[in-house]
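These notes are for a colleague who is meeting this structure for the first time. Please keep the sequence and the coordinates open while reading the points below.

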Amino acid sequence: MQSNIAPLVLAGLLAGATTAQAASTFEGEWAVNVGESKYPPGFPPVHDHRMQVTKDDGTHVQYMDNFTVGDRPPSHVSHDGAYDGKSYKASDGQMMAYFHTKTSYRDEYTLANGIKGEDECDFSADGKIMTCHGQFTPPGAKEPVTFLEVWDRTK
């Protein structure tokens, strides 16, 4: 993958691989467990990735995602949308669509540069860990790039 594309894609998947739940609320604070997460080769390191979910009532999700990638300045992305499979614009220009699954949620996203991806996330029985399996296809790639992201609920 071209090194100039990696940070843009990572920012999109980091913002996309977040929030939601299927039955009970998962409002609160989450932090990426970098040691348990597996990002594609060539991606810059993820630093202090935290998310504050301010609303998740089963039909609507609202959050602020804060992260630092590599040596770039901290990024802040907010999202306010429904679990209806329709795309809603996040504060960074990407389009996010959320869907309920039996164990939590799935999302699909399109970055401002046209890259498309998706995540499927599941919550542990106690609601303290969220595990997301995702993929995206960089420009010119024949196969999608996959990743695993593990989140710990901190509050």
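1. A local detail makes a convenient start: aspartate 48 and arginine 50 form a salt bridge in which the closest N and O atoms are 2.8 Å apart. Aspartate 48 counts as exposed because its relative accessible area of 53% lies over the 50% cut-off, whereas arginine 50, at 40% relative accessibility, counts as partly exposed. Please bear in mind throughout that this is a predicted model.

2. The surroundings of that pair can be placed next, since strand S2 covers residues 46-56 and pairs with strand S3, residues 60-69, in the antiparallel sense over eight bridges. Within this pairing, aspartate 56 stands opposite valine 61 in S3.

3. For the chain as a whole, one helix and ten strands are found, and the pattern read along the sequence is α-β-β-β-β-β-β-β-β-β-β. The ten strands belong to an open sheet with antiparallel pairing, in the order S4-S3-S2-S1-S10-S9-S8-S7-S6-S5. At its edges lie strand S4 (75-82) and strand S5 (88-89), each of which pairs on one side only.

4. Which strands does S7 pair with, and over how many bridges? On one side, S7 (residues 104-110) is joined by six bridges to strand S6 (residues 95-100), and the two run antiparallel; on the other, seven bridges join S7 to strand S8 (residues 116-123), again in the antiparallel sense. S6 and S7 form a hairpin with three residues between them, while the hairpin of S7 and S8 has five residues between the strands, and there glycine 114 takes a positive phi near 95°.

5. Individual bridge partners help to fix the register of these strands in the viewer. Alanine 97 has glutamate 108 in S7 as its bridge partner, and serine 104 has aspartate 122 in S8 as its bridge partner.

6. Glutamate 108 deserves a second look, for its side chain also meets that of arginine 106 in a salt bridge, at 2.6 Å from N to O. Glutamate 108 counts as partly exposed at 32% relative accessibility, and arginine 106, with a relative accessible area of 23%, is likewise partly exposed; neither is classed as buried, because that label requires a value under 20%.

7. How many salt bridges does a search of the whole structure find? The search finds four, and one of them brings together the side chains of lysine 155 and glutamate 29, at 3.8 Å from N to O. This pair links distant parts of the chain, for lysine 155 lies in the segment after strand S10 (145-153) and glutamate 29 lies in strand S1 (residues 28-32), with 126 residues separating the two. Is lysine 155 buried or exposed? At 62% relative accessibility, lysine 155 counts as exposed, whereas glutamate 29, with a relative accessible area of 26%, is partly exposed.

8. Some totals complete the picture. Of the 155 residues of the chain, 44% count as buried, and the accessible surface comes to about 7600 Å², with 52% of this belonging to carbon and sulfur atoms. Among contacts between residues at least 6 apart in sequence, 48% join residues that are at least 24 apart.

Technical notes. Residues numbered from 1 in each chain as written. Predicted model: local features only at pLDDT ≥ 70, side-chain atom pairs only at ≥ 80, totals over all residues. Heavy atoms only, no water. Pairing = 2+ DSSP bridges. Helix = DSSP H or I, 4+ residues; strand = E, 2+ residues; numbered from the N terminus. Buried < 20%, exposed > 50% of the residue type's maximum accessible area, 1.4 Å probe, protein only. Contact = heavy atoms within 4.5 Å. Areas by Shrake-Rupley, 256 points an atom, 1.4 Å probe, with all protein chains shown as cover.
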